[in-house]
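Here is a friendly walk through one protein model, element by element. Please keep the sequence and the 3D view open as you read.

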Amino acid sequence: MLKPTDKVAVWMESSLDDDYGKMGISALRYLDNEISCVVDSEFAGKNISELSIIKKDIPIVESIELAKSMGANVLLLGVLTSGGIRPKSWDGIIIEALENGMSIINGLHDQISPSFSKYIVDDNQWIWDTRVPKFIPQIGSARAAGLKNKRVLMIGTDMAAGKMTVGLELYSYLIEKKINTGFVATGQVGITVTGKGITLDAYKLDHACGAVETAVLEQKEKEIVIVEGQGSILHPGSTATLPLMRGTCPTHMILCHIARNDSLRSLENIKIPDLKKFIELNESLASVLGTYPKAKVIGVALNTTLMSEQKAKEVIKNVEKETGIPTTDVVRYGGGKIFSSLIFLLLIFSISSIFISVKILRNFRTSLSSIFLQNCQ
């Protein structure tokens with residue numbers, strides 16, 4: 001739906017500084033399209049660089065009308081609500097945008113099309129409900145386990161723990177290093193940013209694993225395939241971890257964790273367990289006693305937002321000591337500490353392949369020599 005020439009306004013009303021604004025924040029960080037402005041009456045008049053670590057010159061305006069006057073022809077609804085339900089108060093914003101000739105990107109479960117399509121005034125307008133499944137997959141059958149590439153799955157201790165962000169940071173890192181890399185988006189944010197993927201939580205449970213598997217197999221020619229994580233095995237409201245593991249058959253994983261939290265964000269009675277043991281649990285669940293490929297957690301990606309520089313570095317150091325695994329905040333300090341290990345693994349794999357090829361060639365030459373000598377006798 002979204003063309004490279006489209007100019008986007010990101011609607012972030014009252015969620016520019018909370019977890020519910022992650023779709024908009026991710027678009028501001030990663031979307032290739034020009035972003036004309038952010039719409040948020042609470043911080044109108046400021047610039048996004050004043051309020052976040054995003055160092056881009058993007059003004060914040062108070063209305064759809066101003067966004068339109070600045071050249072925006074697409075309104076991205078950047079706020080994600082609990083359960084993906086659209087508040088009634090949003091209807092007026094959507095109608096105003098459509099009547100002003102703007103297209104809409106909606107990441108909620110509640111669809112805008114077709115009920116709001118009657119407000120479209122131009123043939124070039126469109127409504128993109130990103131959580132609508134595009135195909136019905138076959139039932140999963142662990143076909144990804146037979147692939148020769150590296151498949152890296154993002155896992156988390158909670159919802160909204162940074163799985164999509166870390167995945168995209170890793171993807172950008174590997175692309176910059178000229179590694180043949182694929183990215184499988186599994187949620188509305190990743191799909192919006194990359195333009196393709198699967199809306200995992202919109203599939204029926206029986207189809208979820210097959211949907212992941214299909215998306216991974218489509219990237220089988222890539223040396224490394226990064227799979228965006230969803231939910232957490234710890235969260236009672238999430239069923240996403242298992243189909244992601246089975247569909248991906250990961251070779252590696254990265255654990256994402258909000259450093260300041262010792263319990264689930266919305267369920268304080270559910271405590272986050274010891275990270276080392278939690279890592280071991282996820283590794284065991286991914287491999288199921290060796291039935292599937294062994295999946296090693298190669299890094300812990302912490303979200304140290306709201307922590308001072310000193311506190312963030314202290315927490316990173318402690319987690320790394322406790323888990324024995326490279327740890328950092330990939331947004332705050334860059335991801336090379338974790339991500340570089342994948343390039344090393346690829347190098348080792350390439351060297352091993354060369355040795356194997358040389359050995360096969362030597363054996364082949366020996367066999368040919370034996371056959372030649374036998375025929376000469």
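A good place to start is helix H8, where the buried residues pack against strand E7 (150–156), helix H7 (205–217), strand E9 (224–227), strand E10 (252–258) and helix H9 (275–287). Packing here rests on contact, meaning heavy atoms within 4.5 Å. Helices (H or I, at least four residues) and strands (E, at least two) are DSSP runs, numbered from the N terminus.

This is a predicted model, in which local features need pLDDT of at least 70 and side-chain atom pairs count only at pLDDT 80 or more, while totals for chains, interfaces and linings use all residues. Residues are numbered from 1 along each chain as its sequence is written, and side-chain values use heavy atoms, with hydrogens and water left out. The pLDDT is the predictor's confidence in each residue, from 0 to 100. Its mean for the protein is 91, and 92% of the residues reach 70 or more. Over residues 355–361, however, pLDDT stays under 50, and the model has zero contacts for them beyond four places in sequence.

Back to H8, which covers residues 241–248 and has seven of its eight residues buried. Buried means under 20% relative accessible area, exposed over 50%, and partly exposed in between (1.4 Å probe, protein chains only). The buried set is Thr 241, Pro 243, Leu 244, Met 245, Arg 246, Gly 247 and Thr 248. Just after the helix, Cys 249 takes a positive phi of about 45°.

Strand E7, one of the partners of H8, is buried in seven of its seven residues. Lys 150, Val 152, Met 154 and Gly 156 lie on one side, with Arg 151, Leu 153 and Ile 155 on the other, so both faces are covered. E7 also pairs with two strands, as the table shows; strands pair if DSSP finds at least two bridges between them.

| Strands | Sense and bridges | A bridge pair |
|---|---|---|
| E7 and E9 | parallel, four bridges | Arg 151 with Val 225 |
| E7 and E10 | parallel, five bridges | Val 152 with His 252 |

How buried is His 252? This residue of strand E10 has a relative accessible area of 8%, which makes it buried. Its side chain makes a polar contact with the side chain of Thr 251 (2.9 Å). A polar contact is a pair of N or O atoms within 3.5 Å; within protein, one must be able to donate a hydrogen and the other to accept it, and residues adjacent in sequence count only if both atoms are side-chain atoms. Not counting residues up to four places away in sequence, His 252 touches several others, including Lys 150, Leu 153, Ala 295, Ile 298 and Leu 345.

Elsewhere, six strands form an open parallel sheet in the order E3-E2-E1-E4-E5-E6. Strand E3 (60–61) and strand E6 (127–129) stand at its edges, each with a single partner strand, so one side of each is left without a neighbour in the sheet. Two bridges join E3 to strand E2 (residues 34–39), and Ile 60 is the bridge partner of Val 38.

Finally, helix H5 (residues 163–176) has 14 residues, which at 1.5 Å a residue should span 20 Å; its end C-alpha atoms are 20 Å apart, in agreement. The expected span is 1.5 Å times one less than the number of residues. Among the buried residues of H5 are Met 164, Val 166, Leu 170 and Tyr 173. Just after H5, Lys 178 takes a positive phi of about 65°.
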